[in-house]
Amino acid sequence: MRISVLNGVNLNILGRRDPSLYGGLSIAELESRIYGWARELELTVQCRQSNDEGEYVKWCHDAYDTVDGVVVNPAAWTHYAWAIHDALESLTIPIVEVHLSNVDERDEWRRKSVVTDLVAARFVGHGPDGYKMALEYLKEHSK
Ligand code: DQA
């Protein structure tokens, strides 16, 4: 099973952002954990991160023909980037939404997610383990 993990804007500076919200791992350390979980679960995972919304949209399009599931953390784009919603909305493979912090219990503006109506599952506020939960979910629900 092939899975694309797409991390969005500002997640490249994890490790420098507030550790009480996002934990202390760098993006490289987070991706290395994700690859470790993928090996344990016998999944083929590719992690990507971008600060360019157009590039992120393109990676969503790539998912149409290349993978069996997508894990998205669009970061701040989650709350307003309808182009990302539209890029994902015609996918017929499962999409899982992950946020390191608990976006439902932070600022009011973070409670809105433009992708939630498209996703099969959502893991928020579990730190890096949210990505593990997402991979496990996709594995369990694969055809
Ligand atoms: C985030 C939550 C977003 O509100 C925020 O803008 C981020 C990261 C998270 O993983 O907790 O950059 O998506």
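How many bridges join strand S3 to strand S4? In this predicted model, strand S3 (residues 69-75) and strand S4 (residues 95-99) run parallel and are joined by 3 bridges. Within this pairing, Val 70 of the one strand has Ile 95 in S4 as its bridge partner.

The two strands belong to a wider arrangement. An open sheet of 5 strands follows the order S2-S1-S3-S4-S5, and its pairing is parallel. Strand S2 (44-49) and strand S5 (121-124) have a single partner strand each, so one side of each of these edge strands is left without a neighbour in the sheet. On average, neighbouring strands of this sheet are turned by 15° against each other, direction ignored.

Helices accompany the sheet. Helix H3 (residues 53-66) packs on the sheet and touches strand S1 (2-9), S2 and S3; the direction of H3 makes about 170° with that of S1. Helix H5 (residues 129-140) lies across S1, S2, S3, S4 and S5 and runs at about 155° to S3.

The model also holds a ligand, and the residues that surround the ligand include Arg 17, Tyr 22, His 79, His 99 and Val 103. Asn 73, Ser 101 and Arg 110 are also among the surrounding residues, and each of these three can be described by a distance. In the side chain of Asn 73, an N or O atom is 2.8 Å from an oxygen atom of the ligand. For Ser 101, a polar side-chain atom lies 2.6 Å from a ligand oxygen atom. The side chain of Arg 110 has an N or O atom 2.8 Å from an oxygen atom of the ligand. On its own, the ligand has 330 Å² of accessible area, and the protein covers 99% of that area.

Methods. Residues are numbered from 1 along each chain as its sequence is written. This is a predicted model: local features need pLDDT of at least 70, side-chain atom pairs count only at pLDDT 80 or more; totals for chains, interfaces and linings use all residues. Side-chain values use heavy atoms; hydrogens and water are left out. Two strands pair if DSSP finds at least two bridges between them. Helices (H or I, at least four residues) and strands (E, at least two) are DSSP runs, numbered from the N terminus. Axes are lines fitted to C-alpha atoms, for helices over the stretch in contact, and angles run from 0 to 180 degrees between N-to-C directions. Contact means heavy atoms within 4.5 Å. A residue is near a molecule or strand if one of its heavy atoms lies within 4 Å of it. A polar contact is a pair of N or O atoms within 3.5 Å; within protein, one must be able to donate a hydrogen and the other to accept it, and residues adjacent in sequence count only if both atoms are side-chain atoms. Accessible areas come from the Shrake-Rupley method with a 1.4 Å probe; for residues, only the protein chains shown count as cover.
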